[in-house]
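Here are my comments on the model you sent. Please read them with the structure open.

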Protein chains: 2
Amino acid sequence: MKNKNIDIYTIADKAGVSKSTVSRVLNNKEDVSARTRKKVLEVINELKYRPNSSAKGLASQRTKTVGLVVSEITNPFFSMFVKGAEDKAMEENYNIMLANSNWVVEEELKCIRMFEEGRVDGILMISGGGSDLLNNYLNNLANKDTPLIVVDRKLDNEEIPKVNVNNIAAAFKGTRYLIELGHEKIAFVRGDDVAASAASVDRVRGYREALQKFNIENEIIEPGFFDREEAYQATEKILSSHKDITAIFYASDMMAVGGLKALDKAGLKVPDDVSVLGFDDIELASIIEPALSTLKQPRYQMGYLGMEKLINKLEGKPKEAYAEDVIFELELIERESTRAIK
Amino acid sequence: MKNKNIDIYTIADKAGVSKSTVSRVLNNKEDVSARTRKKVLEVINELKYRPNSSAKGLASQRTKTVGLVVSEITNPFFSMFVKGAEDKAMEENYNIMLANSNWVVEEELKCIRMFEEGRVDGILMISGGGSDLLNNYLNNLANKDTPLIVVDRKLDNEEIPKVNVNNIAAAFKGTRYLIELGHEKIAFVRGDDVAASAASVDRVRGYREALQKFNIENEIIEPGFFDREEAYQATEKILSSHKDITAIFYASDMMAVGGLKALDKAGLKVPDDVSVLGFDDIELASIIEPALSTLKQPRYQMGYLGMEKLINKLEGKPKEAYAEDVIFELELIERESTRAIK
DNA sequence: TGAAATATCGGGAGCGTTCCCGATTGTAAA
DNA sequence: TTTACAATCGGGAACGCTCCCGATATTTCA
């Protein structure tokens, strides 16, 4: 049934050279004459030979694949991140091993452990929960020999290169924007519970700092857990206890969409009666009616850059090529859901 | 720096057994006494040993990983598919190697070739283009020894198990639904060019067949290339040449969203003036205003089932467990964008 | 022309497993 | 007690590659 695999020896025989030479042309080494290289290449093509990557991995101790763990591939934030990472990996001829943690720490751990079985030269991780268990594990990993790059996640290990987003500044910028538009009653619908997401905490902080800076006393914060439905309810709650609200800042576009619905149901017009500001700039933000003003996260770039750093590290590039942390500042995108107060 | 890898021998020494025995407990073989198994397990835990999967792959000729190629991970249709596939793979302790083809055939080929390098036990593919080049290649693959399962793609190779969607019936159902609502002037905005997507062709066919069945002569078909912008323009075109249109059926929800915008701009109300029917049932369909009536594709199930079949095949399960093709029938979801004609 | 330097190649060991076969021990039946 | 058989284990070869070292062929320069 399964005919004998053609291996490097088969090629060597047919080309009249040794396996070493075949290996050399396979890896574009210098020590081969043009003539023999050509001949070997011909045989390779003729026999449709494909090097066995397990053997290669075993012999070279490198697999040319990296592990990618995300919380929820279905979420546009993450899928765009994956695309960026994938593009860069493809460029450099690296493979990607994908793992989806579904937001649960145990699965995240399971993914990483799988990756540790030498299948993967390094790991790129994004967001996810922030349990001590996991963080400890990650710290350990870094001290061993699996290179790791972490995106959008708080970790106080200096050894682990990070690419982050300046959530504090972004939330500050968004809030200030609303204030400069003349709003004074500004609610903030935050994301997840404190422990689970550092990003969420930082955004709350940015909101607070802006209020303080501009001497606005009345802070109104309601949890929305990065969920549309929850944000809907949060909005209703805000509306009922603060009739005079004129702007709501949501920590994600998805939540803003939920908010829009609640506002509509309450008979409030956006942006005439209340301004709505989102966060993320997912595709939906420009599709929805009214189009959402929002803080744009460079999702694709985060993936691309994260992967670039990881590969640089794997390829033994100088430290500057990966070790330095990067922090993205977010751009404010003005669309139709916000306007100056009359 | 990098301390010597702990391998099966290290464990064997420390546990006072041979490497074969360690291998046996690693693979849950029978021929080990409870006592030695326990001891070996202890040592493994103590040393945090992780088997090297390259070596394992080389020796066993199996990698326990499958390749997954999708056209565009960012597209909700595909990301949900990936999630389904990923879930099943995780359940069975398989790894997933992800490749994103960006809709271009050459990249699709490149992905498959990468997978051929023994990294992967089998391949799961979805949609994508339909070039002869690729189809030939796939046929070859199947005749060789890389198991392949194909989802939502036309391929006339009986050896390749397929999971498909009954696009003809679905488009027929959608069109009939519109007709039964009293519509007679029904336009269809189709997807891609004929060559590129079999699904698109089938949907056109279903639309046509329904019109014929109910003796409606005036078929109106405009290309929208599965793109929001294109669908916007297609809609404008339809509107200008067919003032009396009362319903438009889009071959994807994304296109329907583009259509909604065009309709709005033209001052037409949905569903009062014209009914809009989508296809896919992506999340957006229920978010948008008005919520889209649509044909629901079982995206998650397609991924899950495809992966299940693939793994069944890899695990040497009996033929019934994977060889039989499956065809999903689509459910019509009624929401707000369609209504009976007055 | 000869020696030294260089380009080109081959062979062997090793990467960390699995798997087969045979050895050893223990146990039950005769 | 002897024999047969099962349970348990160890050793060696193989998987297909890389990498180092040394051998040979070719060129270069004095």
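**Notes on the protein–DNA model**

1. A backbone N or O atom of Asn52(B) lies 3.1 Å from a phosphate oxygen of DNA strand C. That is a polar contact, defined as a pair of N or O atoms within 3.5 Å; within protein, one must be able to donate a hydrogen and the other to accept it, and residues adjacent in sequence count only if both atoms are side-chain atoms.

2. On basis and numbering: this is a predicted model, in which local features need pLDDT of at least 70 and side-chain atom pairs count only at pLDDT 80 or more, while totals for chains, interfaces and linings use all residues. Residues are numbered from 1 along each chain as its sequence is written, chains are lettered from A and ligands numbered from 1 in the order in which they are written, and side-chain values use heavy atoms, with hydrogens and water left out.

3. DNA strand C is surrounded by 31 residues, and the closest are Ser18(A), Lys19(A), Thr21(A), Ser23(B) and Tyr49(B). Of the strand's atoms that come within 4 Å of the protein, 59% are accounted for by sugar and phosphate. A residue is counted as near a molecule or strand if one of its heavy atoms lies within 4 Å of it.

4. Two further backbone contacts to DNA strand C can be checked in chain A. A polar backbone atom of Ser18(A) is 2.7 Å from a phosphate oxygen. At Ala59(A), a polar backbone atom is 3.5 Å from a base oxygen.

5. Which elements supply the surface near DNA strand C? Helix 2 and helix 4 of chain A, and helix 1 (8–15), helix 2 and helix 4 of chain B, each supply at least two residues. Helices (H or I, at least four residues) and strands (E, at least two) are DSSP runs, numbered from the N terminus. By type, the residues of this surface are ten nonpolar, 13 polar and eight charged. Here Ala, Val, Leu, Ile, Met, Phe, Trp, Tyr, Cys and Pro count as nonpolar, Asp, Glu, Lys and Arg as charged, and the others, Gly among them, as polar.

6. DNA strand D has 30 residues around it, the closest being Ile8(A), Ser23(A), Tyr49(A), Lys19(B) and Thr21(B). Sugar or phosphate makes up 60% of the strand D atoms within 4 Å of the protein, and the rest belong to bases. The surface near strand D divides into nine nonpolar, 13 polar and eight charged residues. Helix 2 (19–26) and helix 4 (53–60) of chain A, and helix 2 (19–26) and helix 4 (53–60) of chain B, each give at least two residues to this surface.

7. Side chains also reach DNA strand D. An N or O atom in the side chain of Ser23(A) is 2.5 Å from a phosphate oxygen, and one in the side chain of Thr21(B) is 2.6 Å from a phosphate oxygen. A base oxygen of strand D lies 2.7 Å from a polar side-chain atom of Ser20(B).

8. The axes of helix 4 of chain A and helix 4 of chain B come within 8 Å and cross at roughly 135 degrees. Axes are lines fitted to C-alpha atoms, for helices over the stretch in contact, and angles run from 0 to 180 degrees between N-to-C directions. The two helices are therefore oblique to each other; angles under 35 degrees count as roughly parallel, over 145 as roughly antiparallel, 65 to 115 as roughly perpendicular and the rest as oblique.

9. Please look at the backbone geometry too. The peptide bond from Glu289(A) to Pro290(A) is cis, with omega near -5 degrees, and Pro290(A) sits in the loop between helix 12 (283–287) and strand 10 (293–296) of chain A. The bond from Val270(B) to Pro271(B) is also cis, with omega near 5 degrees. Asp280(B), in strand 9 of chain B, has a positive phi of about 125 degrees although it is not a glycine.
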